[in-house]
Amino acid sequence: MRDELAQLMAALRDSKDFETAAAATLRRMLAVAEAAVASSRYAGRARVLRGIVHLRPGEAYRRLAALDVGAREVTDAGVGTPFFTSATAWRAVVEHRCAVSIDVNIGTVQPHAPDAPVTGDPGLAGFHSNESKQRFLGRHATHVCVLPLRTPSGMEGMISLEADCLAAMGQEFVWRDAGDLLQLLTDIAAPYLTALPQRPVATPEVDEFLPVVGRSMAELLPILRTFALQDETILVSGATGAGKSRLARWCHERSGRRGKPFETLDLVTVPEDLQMAELFGWKKGAFTGAVRDAPGVVARSDGGTLFIDEIDKLSLKAQAGLLHLLESRSYRPLGEGTGEKLADVRFIIGTNADLHAQVRAGRFREDLYYRVNVLPVRMPPLQDRQDEIPLWARYMVNRRHRERPAEGSARLAPEAELLLSTSSWPGNLRQLDNIVRRAYSMAMVDHAGGTGDLVLQEKHVSQALGYEQSPGGRPLPEALRAAAQAFVGEARRRGSLDLDFADSFRGLVLGMAIRQVGRDEAFRLLGRESLVKNRNHHKALKRELEKVDGLYKALGEGGSPFADLLENEDSD
């Protein structure tokens, strides 16, 4: 054991990226598994196949890397390897908080914890779906060991090891015997696997479905390419307007269902009492207003992909119907007397909610949660993809220009792009598109009758942004972020702005409070009542107001808006 640990530690210390650390970890773990097989009663009748590192912090996949026995380098997600991510495996390690063994043929899950019961009935019950079981068997994996990837922050993913041994069907394989050492190797590797950066990703080609790809999305796309090729359900979480529906269409176009129907059902737009009808369709007379037969979105997407957005808005009754559809791949339109229709549909689910929290609150079925949380990914908000903002803005301007019978071209002035890049985007791409459309219309008014290219100037973008909600109506973290963006934007416009001027924010807050409630009450309101009691508040107020004055003078704005307060402190 000491040799295995020493070799792994040495390799991990030399690793510069996630992929190198994953290869070193899997290589040692596969060697341990092979040694356990060689010394067992299954020697000569079993073979260890491969190991996979699944990095999925916060329930969303971030990286995948696989190593086949005998290989030297891991295969990254997105380069054609038949990766398989199992909802059965993830649910098992999350529920039991320990390593588990899966006997694929009989569908049982055995936790490695002492006296833990075997779960699952012979045949299938331990599996997420029959497709999940068949995909394991299609890879010749009859026995799987799944180990939790744990850090002090919590469960960050898992490592799965696959083996082929028909002789061990219904019997305990070698995983438990080697489990302690395998878990120890996993625990040693966890800090490296979760902290090391990913290898630089080649800039992906853009297309009509995803015309802009920045650094954050470039790291996510290899996993999405892998997920797109599978028929399992993809769960895309992310803020409203971040581009989940566009990403769903991108996955459809890279799947085996390309060229088949792609349908979208946004549950925000569907009243609860009509959700079942929208999903499954209805027969004439099924309810008041049903004057003719109508296919639902499931029927319309037959053979293709159905994207259901805002799944957290689905009623509990409709959740039961969707669960039945996902389990049986069949459904019954409303008013249909007998029999069910088969559904040949690949599902992509979108949400901006924490579905696990919804389960705990009783608003979302736990069994449905595990049915949709098979291949989870998280769409970063636009604020975390700032390098994309000017690129998306250019794309939106050009698209808007093509929609109009206008001559010449349209573009954004550099100052306008800079203003967009340094603004806050709580509404994500949807909000950016609205701003660009508004600025475009304003530029058209100024350009009326003119010749040459249409140029969206900084003033047009500024005016368009002016129609947005005022900062006072924003949540405090969002308003603070907007202020930080404005500071950085000013520094970029000027070429430099001393970070020390950011300290003036305290004075701005204090000055605003004094304007509203008076000096002594302002200090109490902001948790500085002790300064008033000790009569130290005069110096503190003067010091903070001088910082505000310095900022305004540096910006060429003259004195601060609290100059009178500063004068009063000087006179005191």
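**Entry 1. Second largest pocket**

I looked up the volume of the second largest pocket and found about 360 Å³ of space in it. I note here that the model is predicted. I then listed the residues around this pocket: its lining holds 20 residues, and G241, G243, S245, L429 and R430 lie nearest its centre. I next asked which elements give two or more residues to the lining. They are α7 (244-253), β9 (262-266), β10 (305-309), α13 (389-402) and α15. I sorted the lining by class and obtained eight charged, six polar and six nonpolar residues.

Two of these elements, α13 and α15, led me to the helix pairs in the next two entries.

**Entry 2. α15 and α16**

I took α15 (residues 428-447) with α16 (residues 458-466) and read an angle of about 130 degrees, the axes being 8 Å apart. The two helices are therefore oblique to each other. I recorded the crossing of α15 past α16 as right-handed. I then looked up which residues meet. From α15 I noted I435, R438, A439, M442, A443 and D446; from α16 I noted K459, H460, V461, Q463, A464 and L465. By class, I entered seven nonpolar, two polar and three charged residues for this contact.

**Entry 3. α13 and α14**

I examined α13 against helix α14 (residues 414-421), where the axes come within 9 Å and cross at roughly 125 degrees. This angle makes α13 oblique to α14. I noted that α13 passes α14 in a right-handed crossing. On the α13 side I found I389, P390, A393 and R394 in the contact, and on the α14 side E417, L420 and S421. I classed the residues of this contact as four nonpolar, one polar and two charged.

**Entry 4. α1 and α2**

I turned to α1 (residues 2-14) and α2 (residues 18-38), which pack at an angle of about 165 degrees with axes 9 Å apart. Is this pair roughly parallel or roughly antiparallel? I entered α1 as roughly antiparallel to α2, because angles over 145 degrees count as such. The crossing of α1 and α2 is right-handed. I listed the partners in the contact: E4, Q7, L8, A11 and L12 of α1 meet A21, A24, T25, R28 and V32 of α2. I counted this contact by class as six nonpolar, two polar and two charged residues.

**Entry 5. Summary of the helix pairs**

I close with the orientations as recorded. I have α15 and α16 as oblique, α13 and α14 as oblique, and α1 and α2 as roughly antiparallel.

How values were computed
Residues numbered from 1 in each chain as written. Predicted model: local features only at pLDDT ≥ 70, side-chain atom pairs only at ≥ 80, totals over all residues. Heavy atoms only, no water. Axes fitted to C-alpha atoms, helices over the stretch in contact; angles between N-to-C directions. Helix = DSSP H or I, 4+ residues; strand = E, 2+ residues; numbered from the N terminus. Parallel < 35°, antiparallel > 145°, perpendicular 65-115°, else oblique. Left-handed = near helix turned anticlockwise from the far one by under 90°. Contact = heavy atoms within 4.5 Å. Nonpolar A, V, L, I, M, F, W, Y, C, P; charged D, E, K, R; others polar. 1 Å grid on protein atoms, 1.4 Å probe; cavity = no way out; pocket = protein on both sides within 12 Å on 5 of 7 lines; lining within 4 Å. Points joined across faces, edges and corners; volume = space filled by probe spheres on them.
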